[in-house]
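These are my notebook entries on the strand order of the sheets and the packing of the helices. I begin with the confidence of the model and then take each sheet in turn.

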Amino acid sequence: MIAAQLLAYYFTELKDDQVKKIDKYLYSMRFSDETLRDIMSRFRMEMEKGLGRDTNPTATVKMLPTFVRSIPDGSEKGDFIALDLGGSNFRILRVKVSHEKKQTVQMESQIYDTPEDIIHGSGTRLFDHVAECLGDFMEKQKIKDKKLPVGFTFSFPCVQTKLDEGVLLTWTKRFKANGVEGMDVVKLLNKAIKKRGDYDADIMAVVNDTVGTMMTCGFDDQRCEVGIIIGTGTNACYMEELRHIDMVEGDEGRMCINTEWGAFGDDGMLEDIRTEFDREIDRGSLNPGKQLFEKMVSGMYMGELVRLILVKMAKEGMLFEGRITPELLTKGKFETKHISAIEKTKEGLTKAKEILTRLGVEPSTDDCIAVQHVCAIVSFRSANLIAATLGAILARLKDNKNIPRLRTTVGIDGSLYKMHPQYSRRLHKTVRRLVPECDVRFLLSESGSGKGAAMVTAWAYRLADQTRQIAETLAEFRLTQDQLLEVKKRMLTEIQNGLSKSTQTTATVKMLPTYVRSTPDGTENGDFLALDLGGTNFRVLLVKIRSGKRRTVEMHNKIYAIPIEVMQGTGEELFDHIVSCISDFLDYMGMKNARLPLGFTFSFPCRQTSLDAGILVNWTKGFKATDCEGEDVVNLLREGIKRREEFDLDVVAVVNDTVGTMMTCAYEEPTCEVGLIAGTGSNACYMEEMRNIETVEGDEGRMCVNMEWGAFGDNGCLDDIRTQYDIAVDDLSLNPGKQRYEKMCSGMYLGEIVRNILIDLTKRGFLFRGQISETLKTRGIFETKFLSQIESDRLALLQVRSILQHLGLDSTCDDSIIVKEVCGAVSRRAAQICGAGMAAVVDKIRENRGLDHLDITVGVDGTLYKLHPHFSPIMHQTVKELAPKCNVNFLLSEDGSGKGAALITAVGCRLRQQEQKS
């Protein structure tokens with residue numbers, strides 16, 4: 001017993017001693033965490049270089065865009081073929097993805113040999129061989145008559161400008177077929193298939209094996225956004241933000257980047273950590289000076305690295321008593337699979353003895369321990385280096401997402417990772433140490449690159465189909481120049497109908513006279529009260545206008561809410577509420593005793609018979625108060641004031657907000673003779689010649705006409721450009737069949753149109769994984785302000801996603817892109833048809849005045865115009881194109897409904913005084 005213990009002790013001592021000796025000898029292959037972090041930051045710099053347009057040509061890590069824009073979302077289905085060419089074997093698979101209860105994948109595959117003379121022969125022969133194998137496979141599967149979509153896994157560095165093209169940069173992994181580098185491999189394969197002529201194939205995607213791995217794992221785990229291969233060769237890919245990829249147009253969404261990290265260090269960046277053995281391997285390789293990182297870590301070179309170390313140690317008498325055999329000196333005799341065998345915990349030393357004996361070196365126990373430790377150092381170095389480069393990718397993903405902790409999945413494949421007994425454990429451990437703020441799940445890829453190519457093809461197939469159908473849906477919102485000119489022409493017709501006595505009663509665009517006969521001339525002076533009622537808020541203002549050299553307008557106001565029960569109660573309740581708000585304001589200002597002139601901005605369709613009388617035609621914007629339609633609102637207000645018996649006011653003018661907007665701008669800019677509101681609602685007014693307004697006596701001078709153009713199209717004249725979504729929004733609105741133009745171009749309805757499109761696209765499986773959330777079913781949830789936010793150019797997709805998440809919509813990056821596209825199509829059309837209406841107005845003024853060219857200013861107000869990032873430029877451009885003889889200047893109104901009402905009142909008082917004098 002004692003003897004056995006002594007022996008064990010001696011053995012441990014011996015082992016420790018031997019291990020220490022080798023640790024010292026191979027000191028340069030062992031890295032501290034500090035060194036690994038340094039390598040990590042070097043790799044991050046290289047990634048940056050590869051992504052930058054100016055730095056990419058000289059970058060060693062090429063960061064190639066793959067045009068794969070998302071991982072599978074679970075809705076892929078179909079019958080696909082996958083080709084997998086990347087090593088000595090060539091695999092063909094048939095992959096059926098079906099959707100019964102849950103997504104299932106059936107695969108049948110066959111392996112074909114790729115002989116050495118073909119790998120090193122001509123490119124034509126290589127692709128003829130691939131085409132021949134594919135023909136044989138289709139024959140066996142009895143699918144030669146079908147044209148199935150094909151995915152091609154081609155595991156060599158390729159430059160892509162689209163998914164179905166790959167230009168080979170350089171051969172790696174022993175391949176050397178001539179005439180292929182610099183060529184598109186899809187074209188070469190198509191040519192070979194065509195030459196045969198006995199079957200047809202639709203190659204939809206060319207994919208790198210690393211991308212295939214990520215896609216295969218992404219099919220099982222939606223969090224997967226990195227793919228790694230650690231086998232004969234090594235590489236990694238990950239999902240990068242498109243905005244960082246200079247080589248590809250656009251900055252929406254993400255794209256998978258094939259890093260081609262095997263070439264890391266080709267510019268000398270890793271010289272300080274390469275050893276004499278690494279340099280010797282490189283000198284003896286097919287591609288000296290290339291793929292230096294790969295030569296330090298991948299399975300193709302690892303056995304050879306160990307062999308070179310053993311030879312040197314033997315020469316120095318540290319191993320095998322200095323014995324060197326011809327076998328030991330033969331390149332390729334010590335393979336990576338031998339390392340895996342020797343590093344096994346239990347039978348490792350036995351295996352070492354067997355393998356070394358085959359090399360003829362007659363190893364002692366001591367030698368076997370030493371060789372086992374050499375293997376461990378070489379394979380551990382590989383795992384550490386890969387952990388550093390992977391750590392750099394994970395840190396970049398975390399920074400891209402701007403989050404404190406990253407949860408993600410890495411899809412992984414490759415013989416070294418799978419077969420080596422310690423490799424995966426070492427890799428995971430080092431990654432967790434280097435990037436503690438990342439929670440990483442490592443997922444082993446099943447049947448990796450082949451199934452992956454099929455998944456990419458399925459994804460591309462789904463995407464192509466989906467993109468086409470979404471484009472068809474949104475095409476209805478994309479109006480041509482001819483369609484817009486037609487809208488302008490019809491608006492002119494409707495304007496004429498509204499102005500003519502004979503057609504006015506049946507006209508949809510009512511062209512209501514406002515009895516505002518002049519814009520401000522600068523002599524207006526005094527204190528005025530203004531009321532502003534046009535939405536859920538009601539304002540009372542005191543406006544002090546001072547004329548003279550320094551004209552000033554000073555305003556004080558207070559905002560009051562109008563509860564929904566008041567909006568939809570009785571008329572008396574509504575006007576009592578308004579009067580109590582005025583009373584509160586006068587108390588607040590200490591002005592209960594002054595009898596001030598008042599202007600009442602009432603932003604609803606009114607038929608005016610004088611400046612201070614307006615009969616409500618009909619309520620809009622959610623108001624429903626009874627006993628008001630057909631009544632004079634000034635009278636209703638006066639009666640409310642009488643009922644209260646607290647104060648008296650001189651109601652001078654009832655004003656529409658659009659007219660107020662025009663007047664405010666005209667006070668600053670005398671050429672302003674048009675007003676436009678593009679906000680919750682939409683309307684316009686302009687100065688029309690009295691002779692054209694047949695509904696009012698007199699031919700002299702001009703009068704402002706409130707067009708009430710929101711009702712344009714209520715007679716069906718816009719039906720050819722209304723979509724099913726417009727009809728749905730109209731049908732469910734408070735006033736079906738009314739205000740159809742407004743429902744296509746005003747803020748109150750755009751969000752609702754978008755919501756209806758999103759529901760339809762979700763039903764068709766293109767959005768939100770086909771799940772319609774309760775939120776999306778809620779009318780009015782998608783407010784127009786969200787359109788403005790989503791379409792902001794400065795907004796990254798992550799922010800779009802957070803807006804959608806705030807709405808309870810769990811969206812992917814793809815979803816966000818589609819939502820943004822939908823919002824863009826809807827708001828663009830709104831701006832264009834609004835512009836077409838405005839073009840009709842300015843052209844009408846030009847023709848009224850018999851001018852070849854008109855310079856005019858439009859005063860504009862409204863949240864849509866002010867806040868939406870693209871509405872105003874698109875509208876301006878449309879006016880320019882549709883009314884080329886008019887030079888239209890747009891001026892933002894400052895508080896048209898408040899200040900404007902006071903100015904109209906002031907102009908009214910001025911004109912009244914002039915009449916009294918005369």
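**Entry 1: confidence.** I am working from a predicted model. I looked up pLDDT before anything else: the protein averages 88, and 96% of the residues score at least 70. I then checked residues 6-11, where pLDDT stays under 50. For this stretch the model has two contacts beyond four places in sequence. Where pLDDT is low, the predicted coordinates should not be read in detail, and I proceed accordingly.

**Entry 2: six-stranded sheet.** I traced an open sheet of six strands and noted the order 1-11-10-9-12-13, with mixed pairing. Which strands stand at the edges? I found strand 1 (64-65) and strand 13 (438-444) there. Each has a single partner strand, so one side of each is left without a neighbour in the sheet.

Within this sheet I examined strand 9 (residues 224-230) and strand 10 (residues 234-241), which run antiparallel and are joined by five bridges. I recorded one residue pair: isoleucine 229 has asparagine 235 of strand 10 as its bridge partner.

I next looked for helices on the sheet. Helix 12 (residues 365-401) packs on it and touches strand 9, strand 10, strand 11 (254-258), strand 12 (406-413) and strand 13. The direction of helix 12 makes about 5° with that of strand 10. Helix 14 (residues 423-434) lies across strand 9, strand 12 and strand 13, at about 160° to strand 13.

**Entry 3: helix 2 against helix 12.** I followed helix 12 to a further contact, with helix 2 (residues 33-51): the two pack at an angle of about 55°, with axes 8 Å apart. Helix 2 is therefore oblique to helix 12. I noted the crossing as right-handed. From helix 2 the contact includes Leu36, Ile39, Phe43 and Arg44, and from helix 12 it includes Asn384, Leu385, Ala388 and Asp399. By class I recorded eleven nonpolar, three polar and four charged residues.

**Entry 4: five-stranded sheet.** I turned to an open sheet of five strands, ordered 17-16-15-18-21, again with mixed pairing. Its edge strands are strand 17 (552-561) and strand 21 (650-655), each pairing on one side only. I noted that neighbouring strands of this sheet are turned by 20° against each other on average, direction ignored.

In what sense do strand 15 (residues 526-533) and strand 18 (residues 597-602) pair, parallel or antiparallel? I found them parallel, over five bridges. Alanine 530 stands opposite glycine 599 in strand 18.

I then listed two helices lying across strands of this sheet. Helix 19 (residues 571-589) crosses strand 15, strand 16 (537-546), strand 17 and strand 18, running at about 130° to strand 17. Helix 20 (residues 633-644) lies across strand 15, strand 18 and strand 21, running at about 145° to strand 21.

**Entry 5: helix 16 against helix 28.** I looked up a second helix pair, helix 16 (residues 481-499) and helix 28 (residues 813-848), whose axes come within 8 Å and cross at roughly 50°. Helix 16 is therefore oblique to helix 28, and their crossing is right-handed. Among the contact residues I noted Leu484, Val487, Lys488 and Met491 of helix 16, and Gln832, Ile833, Ala836 and Asp843 of helix 28. The contact comprises eleven nonpolar, three polar and three charged residues.

Note on methods: Residues numbered from 1 in each chain as written. Predicted model: local features only at pLDDT ≥ 70, side-chain atom pairs only at ≥ 80, totals over all residues. Heavy atoms only, no water. Pairing = 2+ DSSP bridges. Helix = DSSP H or I, 4+ residues; strand = E, 2+ residues; numbered from the N terminus. Axes fitted to C-alpha atoms, helices over the stretch in contact; angles between N-to-C directions. Contact = heavy atoms within 4.5 Å. Parallel < 35°, antiparallel > 145°, perpendicular 65-115°, else oblique. Left-handed = near helix turned anticlockwise from the far one by under 90°. Nonpolar A, V, L, I, M, F, W, Y, C, P; charged D, E, K, R; others polar. pLDDT = per-residue confidence, 0-100.
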